[in-house]
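Let's take a friendly walk through a protein model, looking at how its helices and strands are arranged. Keep the structure open beside you as you read.

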Amino acid sequence: MGIEKTTRYTLTSLRRSFSSLVSWPARPQQKYTINKALTLLLGLSLAGCGGGSQSVLEPAGAQAYRIEDLWWLFFGVTGIVYLIVMAVVLIALLRSRREQKRASSDTQPDLTPDQQSEKRIGNVIKASVGLTIVILFLFMVSSFRAGREITSLYRAENPLVIKIVGRQWWWEVEYRHDVPSQNVTTANEIHIPVGRPVRLELESTDVIHSFWVPNLHGKKDLVPGYKTSFIFQADEPGTYWGQCAEFCGHQHAKMRFVVVAESEADFNNWYTAQQQPSVPPSTDLEKRGQEIFLVTTCTQCHTVQGTPANGRVGPNLTHIASRPYIAAGSLRNTEETLAGWILNPHASKPGVRMPMNTYSNEDLQALVAYLKSLK
Ligand code: CUA
């Protein structure tokens, strides 16, 4: 942990000194503003849409800090190189114009090579090639170092293990327990305790997806028939949006998920609540809703623990009412959206696997009331 902290501190100070290099000779306050503005500008152009600060430039964990540091280093160095190249091109253009003007007034072009300037040009080319090699080497070493630091957590003892299955177009999330009946299965929502390493075991059942929470870690592909895993850790509590980052079909863009990083106590509360079987319906409307749920096609795809419904095709609905979003983070979980989704999921996610359903108004109301009771 000591080494971890020291490395992080070194990297942060490196980034600071680098930022000061970029914004030099600004005063500290200006420097901060420039840095923030730059982050905002880049964040706006790179972060994607909505759902808070879904950005690589706002890291919230050890791994994400490494990636951010690497990003700034690449951005800064390549930015400076770009500016130098542009300046040189501009100078060359202006010079050639001047030469052209001179040539038009003097009909005899001077073709004798100037030994000294030839030598100077040769030296400049040699120095540029040398500098390019040095820069590429610097990039290679820093990428290698960042990679090593990111994977240093792999030696962590007792990580929380979560299995993630990518499906078209949602995420199945499973917390394995030694007693299988105590497993927790949910969808599109991953709760993790702050400060504890989390190992994600990834797999896909259909096509290639890519798991990406920019604030916490880099991308990791989910390839059918090939299990992968990675370890990360959130150091700051918060809600971090993730997104499938590999085109996987019609609703790839609406294959989102959320990572909720919370205190150990909050996490344990959530986990214990999720382990419980579903809440039995209490009102007549909810009871009617459960009946409808159990006798119609819902059970073929969905599981509600504590009832005979045990389908594994769609998301587990045992505690659906506890999730703030449905349809892989694309709709808020309200009675209206739930009702609309049940009747015609294709209205908001065309091509989705869930079929359309026909219910009378009363039945639909009862069904929604039942689902909303599944806290
Ligand atoms: Cu799954 Cu894109």
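## Helix 6 meets helix 9

Helix 6 and helix 9 are roughly perpendicular to each other. This is a predicted model, so treat what follows as a description of a prediction. The axes of helix 6 (residues 284-295) and helix 9 cross at roughly 100° and come within 7 Å. Angles of 65 to 115 degrees count as roughly perpendicular, which is why this crossing gets that label.

Which residues make the contact? On the helix 6 side you can find Leu285, Glu286, Arg288, Gly289, Gln290, Ile292 and Phe293. On the helix 9 side they are Asp363, Gln365, Ala366, Leu367, Ala369, Tyr370, Leu371 and Ser373. Sorted by class, this contact has eight nonpolar, four polar and three charged residues.

## Helix 8 meets helix 9

Helix 9 (residues 361-373) also has helix 8 (residues 335-343) beside it: their axes come within 10 Å and cross at roughly 120°. That angle makes helix 8 oblique to helix 9. The crossing of helix 8 with helix 9 is right-handed.

Glu335, Leu338, Ala339, Ile342 and Leu343 of helix 8 meet Leu364, Leu367, Val368, Leu371 and Lys372 of helix 9. How many nonpolar, polar and charged residues does this contact have? The contact of helix 8 with helix 9 has eight nonpolar and two charged residues, with no polar ones.

## A sheet of five strands

Now turn to the strands. Five of them form an open sheet with mixed pairing, in the order 3-2-1-5-8. Strand 3 (184-187) and strand 8 (228-232) are the edge strands, each pairing on one side only. From one strand to the next, the twist averages 25°.

Within this part of the model, strand 1 (residues 160-167) pairs with strand 2 (residues 170-175) in the antiparallel sense, over six bridges. To trace one of the pairings, start at Ile164: its bridge partner in strand 2 is Val173.

## A helix across the sheet

Which strands does helix 5 lie across? Helix 5 (residues 264-275) lies across strand 1, strand 2 and strand 3, and runs at about 100° to strand 3.

Aromatic rings give another view. The whole structure holds 16 aromatic pairs. One pair is Tyr175 with Phe267: the ring centres are 6.3 Å apart and the planes are at 45°, so the pair is tilted. Tyr175 belongs to strand 2 and Phe267 to helix 5, so this pair links distant parts of the chain, 92 residues apart.

Terms used: Residues are numbered from 1 along each chain as its sequence is written. This is a predicted model: local features need pLDDT of at least 70, side-chain atom pairs count only at pLDDT 80 or more; totals for chains, interfaces and linings use all residues. Side-chain values use heavy atoms; hydrogens and water are left out. Axes are lines fitted to C-alpha atoms, for helices over the stretch in contact, and angles run from 0 to 180 degrees between N-to-C directions. Helices (H or I, at least four residues) and strands (E, at least two) are DSSP runs, numbered from the N terminus. Angles under 35 degrees count as roughly parallel, over 145 as roughly antiparallel, 65 to 115 as roughly perpendicular and the rest as oblique. A crossing is left-handed if the near helix is turned anticlockwise from the far one by less than a right angle, and right-handed if clockwise. Contact means heavy atoms within 4.5 Å. Ala, Val, Leu, Ile, Met, Phe, Trp, Tyr, Cys and Pro count as nonpolar, Asp, Glu, Lys and Arg as charged, and the others, Gly among them, as polar. Two strands pair if DSSP finds at least two bridges between them. Rings of Phe, Tyr and Trp (its six-membered ring) pair if their centres lie within 6.5 Å; planes under 30 degrees apart count as stacked, over 60 as edge-to-face and the rest as tilted.
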